[in-house]
Amino acid sequence: MRACVIRSEKQNSIVGVIRLCFMLVLLSSTVCHPAYGQRPDQADLAVVAEGVRQPVTTSEQPAVVATDAGRTSIRVLALVGVLASLLVAIARFNVHPFLALLISGLLLGPVSGLDPVATVEAFLDGFAGLMKSIGVVIVLGALIGGLLSQSGGTMTIARTLMKVVGPRRLPLAMGITGYVVSIPAFVDIAYIMLRPIVEVLAVKSKRNVLVVGLSLTAGLTASHALLPPTPGPLATAGLLGADLGRVISINVFVAAFAVLGGLLWATLFCGRVRLPYDDVLREKFASEHDGEQAADSSDKENASFLLSIAPILLPLVLIALGAFLIPKQVVEGTVISQDVTGLLGVFQFLSIPAIALLCGAFAGTFLLKRGTRLAKLSGLVETSIEHSAVVLMITAAGGGLGAVIKATGVGDDIAAVFQLVQLPAILFPFLLAATLTTATGSLTVSMVTSSSIVVSMLPSLGISPELAVALIGAGSLCIIHANSSFFWLLSRLHDVPPSTLYRTYSVQSVCMSLGGLVAVLLLRFCGLE
């Protein structure tokens with residue numbers, strides 16, 4: 001029976017990938033149609049190639065469009081084929097995710113027309129870039145989790161939160177927590193820090209870890225895509241020339257609808273998805289509870305709520321201070337912090353995620369019993385490094401694959417297609433951003449690329465820059481799948497099969513995106529331009 005269930009789950013995941021492939025194939029085949037682009041009223045048609053609009057004459061249109069469409073078709077189909085093969089290799093043939101991601105990245109470049117050497121360099125740059133940004137952070141996050149677990153801080157926090165919100169309102173509480181926390185902190189960093197709380201709350205509330213984890217993810221992702229000062233919406237507002245005050249007031253409302261869409265999916269569907277990891281967590285925390293009276297558990301008896309929450313809150317506060325106090329500017333779609341000195345310089349240093357989490361880990365050592373702190377800390381550091389190694393390698397490999405996807409230029413190809421397709425004005429920014437996120441796996445890349453295209457079309461679209469920012473942010477929320485590094489982070493942190501994440505997390509991203517679109521349409525209906 002178990003084998004049948006596993007086989008059915010794999011078949012469902014493959015069917016889902018086939019459906020996604022079919023949709024993208026339809027998109028590419030539409031562009032390749034011989035009659036496409038030959039209408040007599042398009043004498044001033046501009047063909048987008050390598051991000052530059054080049055006006056062509058009417059007689060040149062068929063040949064140029066056919067050539068450009070052929071390249072677009074090859075790149076899109078190559079991307080779809082590689083991603084489908086990636087999922088099948090992991091789900092069907094049990095290939096290790098690291099090896100599958102590595103091979104997929106190295107294959108995608110040459111198949112898409114990228115030089116093999118350039119493919120390797122792009123993969124390694126993406127791998128190193130992600131390792132640079134989250135390598136130390138993941139290890140320190142695991143260390144903070146170990147300190148909280150060793151001292152009983154996680155149980156103290158869980159008991160307090162359960163008393164305040166109750167088990168029925170737990171998903172809403174986690175969604176609101178993520179909504180607030182992700183404003184100053186990046187999604188992956190915030191989730192790593194809150195992972196111990198997610199797992200212990202899942203056990204205490206008798207919910208599956210996916211329900212609690214994806215409820216938190218809904219809030220984290222919505223803020224990341226829609227609320228400044230996170231880089232994506234800040235860069236989008238800068239590129240579109242939008243008023244930042246209006247952007248925030250509009251996107252607070254849009255993000256709330258996006259979170260609601262994610263919470264509804266997490267609570268109504270994901271509650272039926274039970275993982276083997278849920279049983280592991282229950283056994284783990286049951287054994288910890290039974291051992292609370294052991295001789296080495298005197299740390300746990302003295303752990304207060306404020307002291308227990310300090311290792312988590314301190315890094316968040318430091319990162320938030322840096323996000324709000326340090327002046328920033330947008331340069332060519334990139335958010336850059338300005339150089340500061342004095343007290344602001346100190347805050348700028350402390351707000352670096354690695355430094356902030358190091359401060360949190362230092363605060364966590366005070367949860368341990370005096371006289372044994374150094375010995376226990378050394379053991380916890382060793383364990384944290386061991387547990388983080390697999391997560392780091394797989395997540396960084398996901399970053400390498402994403403870098404290769406970006407280097408192939410498939411995002412520019414899809415953007416070019418959208419500029420040629422006739423779509424309702426209100427839906428154009430939304431669908432463009434959604435397609436770019438699906439193709440590239442990066443919300444920030446999707447938002448910046450979409451903004452660069454939409455900015456020249458705002459007068460003809462008939463919408464304000466602020467509403468365009470909201471539409472792009474909502475669209476960028478979907479579809480998050482195997483080309484996203486956070487997808488693999490979730491997979492390894494909670495031991496979730498990729499096929500299960502496709503049925504839960506990927507679909508949740510669609511629900512969130514549609515929730516944001518509904519909010520924008522409501523604002524539009526109420527008269528907001």
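Is the crossing of H8 and H23 left-handed or right-handed? In the predicted model examined here, the crossing of these two helices is right-handed. Helix H8, which spans residues 209–226, packs against helix H23, residues 498–525, at an angle of about 35 degrees, and the two axes lie 11 Å apart. On the H8 side the contact is made by Leu210, Leu214, Ser215, Thr217, Ala218, Thr221 and Ala222, and these residues meet Thr500, Thr504, Tyr505, Gln508 and Met512 of H23. Sorted by class, this contact comprises six nonpolar and six polar residues, with no charged residue taking part.

The loop between helix H7 (187–204) and H8 contains Lys206, a residue other than glycine whose phi is nonetheless positive, with a value near 60 degrees. A further backbone feature occurs between Cys478 and Ile479, which are joined by a cis peptide bond with an omega of about -5 degrees. Of this pair, Ile479 is placed in the loop that runs between helix H21 (465–475) and helix H22 (485–493).

Helix H22 also includes Ser485, and this serine belongs to the lining of the largest pocket, where Ser485, together with Leu130, Ser442, Thr444 and Val445, lies nearest the pocket centre. When neighbours within four places in sequence are left aside, Ser485 is in contact with Leu130, Thr395 and Gly399. The C-alpha atom of Ser485 is separated by 7.8 Å from that of Gly441, although the two residues stand 44 residues apart along the chain.

The largest pocket itself has a volume of about 1,600 Å³, and its lining is formed by 50 residues. Helix H4, covering residues 116–151, gives the most to this lining, contributing 10 residues. In terms of class, the lining of the pocket holds 22 nonpolar and 22 polar residues, to which six charged residues are added.

With regard to confidence, the protein averages a pLDDT of 78, and 80% of the residues score at least 70. Over residues 1–65, however, the pLDDT is below 50, and this stretch has 71 contacts in the model beyond near neighbours in sequence. Residues 292–301 likewise have a pLDDT below 50, with 18 contacts in the model beyond near neighbours in sequence. Where pLDDT is low, predicted coordinates should not be read in detail.

Terms used. Residues numbered from 1 in each chain as written. Predicted model: local features only at pLDDT ≥ 70, side-chain atom pairs only at ≥ 80, totals over all residues. Heavy atoms only, no water. 1 Å grid on protein atoms, 1.4 Å probe; cavity = no way out; pocket = protein on both sides within 12 Å on 5 of 7 lines; lining within 4 Å. Points joined across faces, edges and corners; volume = space filled by probe spheres on them. Helix = DSSP H or I, 4+ residues; strand = E, 2+ residues; numbered from the N terminus. Nonpolar A, V, L, I, M, F, W, Y, C, P; charged D, E, K, R; others polar. pLDDT = per-residue confidence, 0-100. Contact = heavy atoms within 4.5 Å. Axes fitted to C-alpha atoms, helices over the stretch in contact; angles between N-to-C directions. Left-handed = near helix turned anticlockwise from the far one by under 90°.
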